[in-house]
Amino acid sequence: MSIVTVQLGQCGNQIGHEVFSALCSDIRGTHGLCSKKENESYQDSCKERFFCEEESGVPVARAVLVDMEPKVISQTLSMAARSGHWKYSNHSHFCQKQGSGNNWANGYSVHGPRHKEAIMNLVQKEAEKCERLGGFLTIMSMAGGTGSGLGAFVTQCLRDAFPTSFILNHVVWPYGTGEVIVQNYNSVLTLSHLYHSSDALLVHENDVIHKICAQLMNIKQISFRDVNQVIAHQLGSVFQPAHTAGGGSGYSRNPLGDLMEALVPHPEFRMLGLRNIPQMPESSLPYSTFSWPGLIKHLRQMLIANAQMEEGIDWQVRPPHPGLHPLHKKPLHFNTSIANLVILRGKDVHSADLGSFQDPSLYTSWLNPQDAFNAWKTPRAFNKYEKSAALVSNSQFLLKPLDSIVGKAWNMFASKAYLHQYTKFGIQEEDFLDCFTTLEQVISSYTNL
């Protein structure tokens, strides 16, 4: 089944471009380390998901590009075309002359309704090109105006127009120190609106990716492009084809549906975090060897200690003992999961033992561990790594950053700071209060796991 990607705002368009580049370089790579037949079915499956073929033979991304200013979209289109390996369609982008000025309300209440028809026509055309539409992946930032405000509006339109399709919002969480003074407002408004219309939110935190670039990739002067390439690698490690447990011999038919089924058992819990291992500069790869037991042990500890990368994991954190009376507090810093999905790619993948992820003490008591854990595997290696593992987790990963962003936004709201910038576009104080209520409920649900 095919996925239509909707790239929104500057951040969404730049990340989207890196995602398609990463997918394309992966399927062109000869490093598959698997049989020719396996490699061919992997390539076909990836192309069906993310690209459609043109007569010229150049794959065309199944994507709609939306921004309120033209610069980033024209750069993105020409970079893709120059690569010679893939391109965007000439008729699937929409841009205007002026941006949203980092104002969520401007994107949501002004640009959204004004351009709804034009944007949704483009989406409809892309959807009609798919033989079987699996759903939509939107890529957006929470901090600015277009990605977040227009993104939330477009997500609602997608939900109305395609009520039975899956919608996954990939959301980039702003730097804690802030790029935009009102980013906490924008983030609260975005998250609460997405919670009502999306099936799940897959979140990347800029601070975490920045750390990975500095500490694991050894990049000295970190650019947005470096950050976006790490995000794209992580997304590719989830969305490239893999075999699901009960899927027989073929690759997973409906990646978004399978992801939701594995990870979102309850509508109150839609926040997904992503961890990926190993991550290192390409120059270090020849000197590194990895074993499945080692990778799996690290990934499990990253999960329970809520570590964002394989360096600096707190190995002291242990799961609570089974049979503890509920009144006994669980260990401090222990990250309780609702559901986890581990995706393994590479050599000898079928010998890997994931039993440690089925430990009931990792999960909330109301789900059977057999249902709470899923594994996908493929012997085909991903993006130059002989063996690699990704973890998509619906757990308390995002509690702290969520609590912090809501707290900061509330402090500003209590003193009515900058509210006039939103009210002039029709977002009233009651709307803010509704959003705070939604997110307080989400925080409380995750806290009580």
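User: Happy to look at this one together! Arg 275 lies over the face of which residue, and at what distance from the ring centre?

Analyst: Glad to help, and keep in mind that this is a predicted model. An arginine counts as sitting over a ring if its CZ is within 6 Å of the ring centre and within 35 degrees of the ring normal. Arg 275 lies over a ring face, and the ring belongs to Phe 397, with a distance to the ring centre of 3.7 Å.

User: Which ring does the charged end of Arg 270 sit over?

Analyst: The cut-off for the distance to the ring centre is 6 Å. For Arg 270 that distance is 5.9 Å, and the ring is that of Tyr 195.

User: Which strands stand at the edges of the open sheet, and why is one side of each left without a neighbour?

Analyst: The open sheet has 10 strands with mixed pairing, in the order β5-β4-β1-β6-β7-β8-β9-β12-β10-β11. Each edge strand has a single partner strand, so one side of each has no neighbour in the sheet; these strands are β5 (93–95) and β11.

User: In which sense does β10 pair with β12, and in which with β11?

Analyst: Strand β10 covers residues 337–346, and 10 of its 10 residues are buried. Val 342 has Leu 391 of β12 as its bridge partner, while Arg 345 has Thr 378 of β11. Nine bridges join β10 to β12 in the antiparallel sense. With β11 there are six bridges, and the sense is parallel.

User: At about what angle to β7 does helix α9 run?

Analyst: Helix α9 spans residues 255–263 and lies across several strands, among them β1, β10 and β12. Its angle to β7 (166–173) is about 75 degrees.

User: Is the pair of Phe 20 and Trp 86 stacked or tilted?

Analyst: Planes under 30 degrees apart would count as stacked and over 60 as edge-to-face. The planes of Phe 20 and Trp 86 are at 35 degrees, with ring centres 5.6 Å apart, so the pair is tilted.

User: How many residues apart are Phe 20 and Trp 86 along the chain?

Analyst: Both residues are buried. Phe 20 belongs to helix α1, whereas Trp 86 is in the loop between α3 and β5. The pair thus links distant parts of the chain, 66 residues apart.

User: What is the geometry of the Trp 86 and Tyr 88 pair?

Analyst: Tyr 88 is buried, as is Trp 86. Their ring centres are 4.9 Å apart and their planes are at 70 degrees, so the pair is edge-to-face.

Notes. Residues numbered from 1 in each chain as written. Predicted model: local features only at pLDDT ≥ 70, side-chain atom pairs only at ≥ 80, totals over all residues. Heavy atoms only, no water. Buried < 20%, exposed > 50% of the residue type's maximum accessible area, 1.4 Å probe, protein only. Helix = DSSP H or I, 4+ residues; strand = E, 2+ residues; numbered from the N terminus. Pairing = 2+ DSSP bridges. Contact = heavy atoms within 4.5 Å. Axes fitted to C-alpha atoms, helices over the stretch in contact; angles between N-to-C directions. Phe/Tyr/Trp six-rings, centres within 6.5 Å; stacked < 30°, edge-to-face > 60°.
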